[in-house]
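Visitor: I have a structure in front of me, and I would like to learn how to read it one feature at a time. Could you guide me through it?

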Amino acid sequence: MNATSTTELMHTLGQQAKAASAHMAKASAATKLAALRGLAALLRANVDALQLDNAKDLERARANGLSEPMVDRLKLTPKVIEICAQGCEQLAAMPDIIGDITGMKQMPSGIRVGQMRVPIGVFGMVYESRPNVTIEAASLSIKSGNAAILRGGSEAIESNRALAALVQRALTDAGLPADAVQLVPTTDRAAVGQLITMPQYVDVIIPRGGKGLIERISAEAKVPVIKHLDGNCHTYVDDPCDIAMAVKVADNAKTQKYSPCNATESLLVARGVATDFLPKIGAIYAGKGVEMRVCATSRALLADVKGANVKDATEADWSEEYLAPVISIKVVAGVDEAIAHINHYSSHHTDAILTTDHVHAQRFLREVDSASVMVNASTRFADGFEFGLGAEIGISTDKFHARGPVGVEGLTSLKYVVLGEGEVRG
């Protein structure tokens, strides 16, 4: 596709999304519920057909030499499709927040002032690999009363087209415009450049993928971006703490799954509990093949752990997002040093304290400058579904508008509403 036709295509998609967004904003809760339930039913009814389209992507991915873990992320198994369907139903069952008015208060002038929850309008989403993201984004778009332009990875183009067709069927069956959710039909990279520079049509961009993709979009976008670049998450083991609980949580936070952005990458341990705690967690990490990059104090305390893969940490390790069975470990004096270290090196995604000291816990919650801050829980809980958002379109480490897991509320805005009875300003 040449540059002119790509530009024309994206402007057409933008115009159609903008027009559809007006219909979505005024759609009733019942209509949106019908669309979501209809989409769930269509997904279940088309499992075999979806797998046939998905097989084309898998075959092409293997022919192009894509690694097996990457191929695995492309798979639309019956289980993945069922999870997508359940996600639609869970969203349908949640209260509709569009049009809610909150904070209404009477002013001395006689007017009443509050805020109304409204859709953002049109969001563009650029994502890689997993085709199930098409359904997550579409269902959240429907629930939040927005229109969406979706640009999935070229490696999943057949799967994404098939899923987007079902979304549009569900929309039209419910009496909503098909253009409320549009998939960019081309794999031309120039389409992304167009999508992120159309503020006349697109209100916000959400990139979901590797650091390179997000950095590119953040640098080039002329539209606000909801993003996070890194997930350098910390778990701090405090003095005092319940050692057995701390071992259990620090194990889960690192090893339950290595690749997500909410896996712990840095373990900080208070000096007062390090002698007791570190050999215990070190033995677990050693048994699971986790490489430990450590400070000098940690190295001495881990010296007798059988089979431990211990290396000296470099300065770069304190900032690193490994997404692998690797963790950095540092012994700190206490909660003050832990908070200072986290605020300096963290990517401001998710950080946790394991403690039995209420004052330390409250200080950590107030002073650690991250999107999610936890007490006595695994960082792996930093997830829209686990937070009760129904679904998640991404995680934001920005400080404006949406922060942390972005669900329906993160795809909305607030506008002021004023109710009067003829008041005039004096």
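Guide: We will go through a strand, a side chain, a cavity and some unusual backbone spots in this predicted model.

Visitor: Let me begin with β3: how many of its residues are buried?

Guide: Strand β3, residues 122-127, is mostly covered, and six of its six residues are buried. On one side lie Val 122, Gly 124 and Val 126, while Phe 123, Met 125 and Tyr 127 lie on the other, so that both faces are covered, because buried means under 20% relative accessible area and these residues are all buried.

Visitor: Which strands pair with β3, and in what sense?

Guide: With strand β4, residues 147-151, the pairing is parallel and rests on five bridges, and within it Arg 151 of β4 is the bridge partner of Val 126. Between these two strands the chain passes through helix α6, residues 132-143, and this β-α-β crossover is right-handed. Strand β6, residues 204-208, also runs parallel to β3 and is joined to it by five bridges, with Ile 206 of β6 as the bridge partner of Met 125.

Visitor: Now a single residue: is Thr 412 buried or exposed?

Guide: Thr 412, which lies in strand β16, residues 412-419, is buried, with a relative accessible area of 0%. A polar atom of the Thr 412 side chain lies 2.6 Å from the backbone oxygen of Glu 409. Leaving aside residues up to four places away in sequence, Thr 412 touches several others, among them Ile 97, Arg 117, Pro 119 and His 401.

Visitor: How does one look for empty space, and what is the volume of the largest cavity?

Guide: The general idea is to roll a probe the size of a water molecule over the atoms, which shows where empty space is left. Here the count comes to one cavity of 30 Å³ or more, and the volume of the largest cavity is about 30 Å³. Among the residues that line the largest cavity are Arg 151, Gly 152, Asn 160 and Thr 186.

Visitor: Which residues does the cis peptide bond join, and which phi value does Ser 129 have?

Guide: The cis peptide bond joins Asp 239 and Pro 240, with omega about 15°, and Pro 240 sits in the loop between β7 and α10. Ser 129, in the loop between β3 and α6, has a phi near 60°, a positive value in a residue other than glycine, and Ser 129 is buried, with a relative accessible area of 5%. Asn 376 likewise has a positive phi, near 55°, but Asn 376 is partly exposed, with a relative accessible area of 30%.

How values were computed. Residues are numbered from 1 along each chain as its sequence is written. This is a predicted model: local features need pLDDT of at least 70, side-chain atom pairs count only at pLDDT 80 or more; totals for chains, interfaces and linings use all residues. Side-chain values use heavy atoms; hydrogens and water are left out. Buried means under 20% relative accessible area, exposed over 50%, partly exposed in between (1.4 Å probe, protein chains only). Helices (H or I, at least four residues) and strands (E, at least two) are DSSP runs, numbered from the N terminus. Two strands pair if DSSP finds at least two bridges between them. A crossover is right-handed if, with the strands pointing away from the viewer, the path from the first strand over the helix to the second runs clockwise. A polar contact is a pair of N or O atoms within 3.5 Å; within protein, one must be able to donate a hydrogen and the other to accept it, and residues adjacent in sequence count only if both atoms are side-chain atoms. Contact means heavy atoms within 4.5 Å. On a 1 Å grid over the protein atoms alone, a cavity is a set of points where a 1.4 Å probe fits but cannot get out, and a pocket is an open set with protein on both sides within 12 Å along at least five of seven lines; lining residues have an atom within 4 Å of a point. Grid points are joined across faces, edges and corners, and a volume is the space filled by probe spheres set on the points.
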